[in-house]
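Hi,

Here is the structure I said I'd pass on. Have a look at it first, and my notes on what turned up are underneath.

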Amino acid sequence: MGGNSTKATSGINGAGTTSQQDAGISDSAKIFFEDTKKSAKDLARDDLIRVLTGRSGDAVNWLQDKFALDLSKVARLGGHSQPRTHRGDAQFPGMVMTYAQMERLEDLAESTPDRVKIKKKARVTKLIKDDAGAVVGVEYTHNGKNETAYGPVILATGGYAADFTADSLLKKHRPEY
């Protein structure tokens, strides 16, 4: 678990955060949206930009509050009109953020195994949907066995670039790699 996020050295972008307010930085999700749309030019997709920017400040505040992370240093990086890239003193803020969340998830899986399960190297074969089309579970293969899980499911698909099996997404879409 962790993937490329652990290697992030800049930090995490968020607009309207407590750290920005403490530093007297006037920023908002709207300004972040406009900066991102301008940067994306003709490739901009408002729906995706809204997801990225809309509650970005809440995400940074959540990381600080729930995981006691220091993200108090705020810098202005490329494409931003305001300082909004958050980090602490760590050389790899991505690693700090990712590991804090992974440790909490592992703690939950150990303390409440009936509620939280981590399945590594599982292959989802089908999303199970209810009559309204909402995903309510998955069918998957794990250690050669077909299994089903119902309830909230998080698919963490990072790392497909290291899947060198014959039917991998990498082989299908970028066979030269």
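T53 is buried: its relative accessible area is 1%, and anything under 20% counts as buried. The residue sits in helix α3, which covers residues 46-54. If you skip the neighbours within four places in sequence, the contacts of T53 are A29, F32, F33 and T36. Keep in mind that this is a predicted model, so treat everything below as computed from that prediction.

Stepping back to the whole chain, you'll find 6 helices and 6 strands. Their order along the sequence is β-α-α-α-α-β-β-α-β-β-β-α. The C-alpha atoms fill a box of roughly 55 × 45 × 40 Å along the principal axes. Of the 177 residues, 24% are buried. As for the contacts with a separation of 6 or more, 47% come from residues 24 or more positions apart. The exposed area is about 12500 Å², with carbon and sulfur atoms supplying 52% of it. On charges, there are 26 positive and 23 negative ones, and their mean positions are 4 Å apart.

Next, the sheet. Three strands make an open sheet in the order β1-β3-β2, with antiparallel pairing. β1 (12-13) and β2 (73-75) are at the edges with a single partner strand each, so each has one side without a neighbour in the sheet. Between β2 and β3 (residues 85-87) there are 3 bridges, in the antiparallel sense. If you want a pair to click on, A75 is opposite T85 in β3.

Helix α5 connects to that sheet through its packing. Which elements do the buried residues of α5 pack against? They pack against β1, α4 (56-67) and β3. The buried residues in question are P93, G94, M97, T98, A100, M102 and A109. The length of α5 also checks out: its 19 residues (93-111) should span 27 Å at 1.5 Å a residue, and the end C-alpha atoms are 27 Å apart, which agrees.

Over in α4 you'll find D58. Is D58 buried or partly exposed? It comes out as partly exposed, with a relative accessible area of 40%. From D58 to G133 the C-alpha to C-alpha distance is 28 Å, with their positions 75 residues apart in sequence.

That G133 belongs to the turn of a hairpin made by β4 and β5, which have 5 residues between them, and G133 has a positive phi of about 90°. The two strands, β4 (residues 123-129) and β5 (residues 135-142), run antiparallel and are joined by 6 bridges. Here K126 stands opposite E139 in β5.

Last stop is V153, in the loop between β6 (145-150) and α6 (169-173). V153 counts as partly exposed at 34% relative accessibility. Leaving out neighbours within four places in sequence, V153 is in contact with G137 and V138. The C-alpha atoms of V153 and D22 are 36 Å apart, and the two residues are 131 apart in sequence.

Cheers

How values were computed
Residues numbered from 1 in each chain as written. Predicted model: local features only at pLDDT ≥ 70, side-chain atom pairs only at ≥ 80, totals over all residues. Heavy atoms only, no water. Helix = DSSP H or I, 4+ residues; strand = E, 2+ residues; numbered from the N terminus. Buried < 20%, exposed > 50% of the residue type's maximum accessible area, 1.4 Å probe, protein only. Contact = heavy atoms within 4.5 Å. Pairing = 2+ DSSP bridges. Areas by Shrake-Rupley, 256 points an atom, 1.4 Å probe, with all protein chains shown as cover. Lys, Arg positive; Asp, Glu negative; His and termini not counted. Charge placed at Lys NZ, Arg CZ, Asp CG, Glu CD. Expected span 1.5 Å × (residues − 1).
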